[in-house]
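Let's take a walk through this model together, one neighbourhood at a time. Have your viewer open and follow along.

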Amino acid sequence: MIIVDTALAKREAEGNPVRVALVGAGFMGRGFVNQVVNSVPGMELVAIVNRTRANAERAYTEAGVTEWEVTEDAQTTSKAIANGVPVITSNYEAVTQAEGIDAIVEATGNVEYGAHVVTSAIDGGKHVVLLNAEVDGTVGSALKARADAKGVIVTGCDGDQPGVQMNLVRFVKSIGLTPLVAGNIKGLQDEYRNPTTQEGFAKQWGQDPHMVTSFADGTKISFEQAIVANATGMTVEKRGMRGADHRAHIDELTKAYDVEELKAAGGYVDYVVGSQPGPGVFVLATHDDPKQKHYLNLYKLGEGPLYSFYTPYHLCHFEVPLSVARAVLFNDAVMQPLGAPTVEVVAVAKRDLKAGQTIDGLGGYDTYSVAEKASVTKDENLLPMGVTEGCVLLRDVAKDEVLTYADVTLPEGRLIDQLRIEQANLFA
């Protein structure tokens, strides 16, 4: 977004930076802090929320920040920010309800906690940028409706693969083509990976084994492609998407889909494993004007009917400040649900599960995710992955069996379940 750097430079020159708070000082959160503090003129990281104080301190220290104030409520947070003092707090309401903050970046990856943070931020009149596809893919439409009512934006982010896909979709549409496939390029897909198998990789890169597992077992890709579908109106070809093993250049995918089928469906979200250039994203699009097809062929995009566009990288936390600026300065969302979800993310047993067992969290030992049409999810009463943690099984469930609401007892009093009901009622 070339216009963003000019707008931020203006805010820097005026001494009026965009002020942002971070919730979740994990691996990506620490990268975001470092990026804002050291590389984004016109933006100021004013607060970090983390339930473990040492992690917030580490994030500031690694970015070169040496002084901060620990606060417990919105009033003291507001005062510290007004005095130019960075804040650490374990209470998300200390930033969502504080004055002097323009936007919140939610980067926990936790669905229930993330839902509390986002709803509180909306109530506090703050824009929200999600580095949390899991909460977006579970209750994104409900959160958008709440944000619209308050006049703020809840959006996905630049840099993460869904946002990179959405920027590519917008670009392709802006030059007159119709996107029909939005895809993600993966290096690995193995539904049965778990935190034990992924421990070595996680340790090598300083990441959480459960988060790394969610990338390997299909959970993350399911959430990422679901939120792209819900932001574009696309759907999935089948449960779990096609997910082809494609050890070739992404351009060769233009012959892999039936264009008329894509048009009839309104487009598919998908992923491939092993393609080049990776790990990026792609969009396959068509053009109905023969004159423009001639030019596209001249420009080496081929004869059609599908044309390949791709971004060969995604830079995650490097680009998230751009999302904050887009929301605060231009009221522009990177990505939001268009309305009712078109794709949901549902839970599948990763191993044989027993009645009475409490299901563990995302990227764990018990379940993996697949993307499914929202209509099928509703008709078959399938259990969304975002609500599975803490559910107690009412019956034995076999490995690779899709879970339903009838299979479990939900924990009591959860916000995520209330938002699921709210979301269903919005589009009843």
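Leaving aside its neighbours within four places in sequence, which residues is Thr213 in contact with? They are Arg193, Asn194, Pro195, Gln198, Lys350, Gly363 and Gly364, where contact means heavy atoms within 4.5 Å. Before going on, a word on the ground rules: this is a predicted model, so local features need pLDDT of at least 70 and side-chain atom pairs count only at pLDDT 80 or more, while totals for chains, interfaces and linings use all residues. Residues are numbered from 1 along each chain as its sequence is written, and side-chain values use heavy atoms, with hydrogens and water left out.

Back to Thr213, which lies in helix 10. Helices here are DSSP runs of H or I with at least four residues, strands are runs of E with at least two, and both are numbered from the N terminus. Thr213 is buried, at 0% relative accessible area. For the cut-offs, buried means under 20% relative accessible area, exposed means over 50%, and partly exposed is in between, using a 1.4 Å probe and protein chains only. If you want a distance to check in your viewer, try Thr213 to His314: these two are 101 residues apart along the chain, and their C-alpha atoms are separated by 19 Å.

One of the contacts of Thr213 is Lys350, and that residue is worth following. The side chains of Lys350 and Asp217 meet in a salt bridge, 2.8 Å from N to O; the term covers a side-chain nitrogen of Lys or Arg within 4 Å of a carboxyl oxygen of Asp or Glu. Lys350 sits in the loop between strand 13 (343–349) and strand 14 (367–373), and Asp217 in the loop between helix 10 (209–216) and helix 11, so the pair ties together parts that are 133 residues apart in sequence. Both Lys350 and Asp217 are buried.

How many salt bridges does a search of the whole structure find? It finds 24. Take Asp407 and Arg395, whose closest N and O atoms are 2.6 Å apart. Both lie in the loop between strand 15 (392–393) and strand 16 (408–409), so this pair ties together parts that are 12 residues apart in sequence. Asp407 is buried at 4% relative accessible area, whereas Arg395 is partly exposed at 32%. Salt bridges that share partners also join Asp158, Arg170, Arg326 and Asp332 into one network.

Then there's a pair within a helix: Glu62 and Arg58 form a salt bridge with their closest N and O atoms 2.7 Å apart. Because they are four residues apart in helix 3 (residues 53–62), about one helical turn separates them. Glu62 is partly exposed at 45% relative accessibility, and Arg58 is partly exposed at 42%.

Now swing over to helix 8 (residues 161–174), home of Gln165. Is Gln165 buried or exposed? Gln165 is buried, with a relative accessible area of 0%. Leaving aside neighbours within four places in sequence, Gln165 is in contact with Ala182, Gly183, Asn184, Gln225, Val228, Val281 and Val283. Other buried residues of helix 8 include Met166, Leu168, Val169 and Val172. The cover over the buried residues of this helix includes strand 8 (178–186), helix 11 (219–232), strand 11 (281–286) and strand 12 (307–311). As for geometry, the 14 residues of helix 8 should span 20 Å at 1.5 Å a residue, and the end C-alpha atoms are 20 Å apart, which agrees. The expected span is 1.5 Å times one less than the number of residues. After helix 8 comes Gly176, with a positive phi near 100 degrees.

Helix 11 is mostly covered, with 13 of its 14 residues buried. From first C-alpha to last, helix 11 reaches 20 Å, close to the 20 Å expected. Just after helix 11, Gly233 takes a positive phi of about 85 degrees.

Last stop, the cysteines. A search of the whole structure finds zero disulfides, a disulfide being a pair of cysteine sulfur atoms within 2.5 Å. For Cys157, the nearest cysteine sulfur is that of Cys316, 7.8 Å away. Cys157 is buried, at 3% relative accessible area, and Cys391 is buried too, at 0%.
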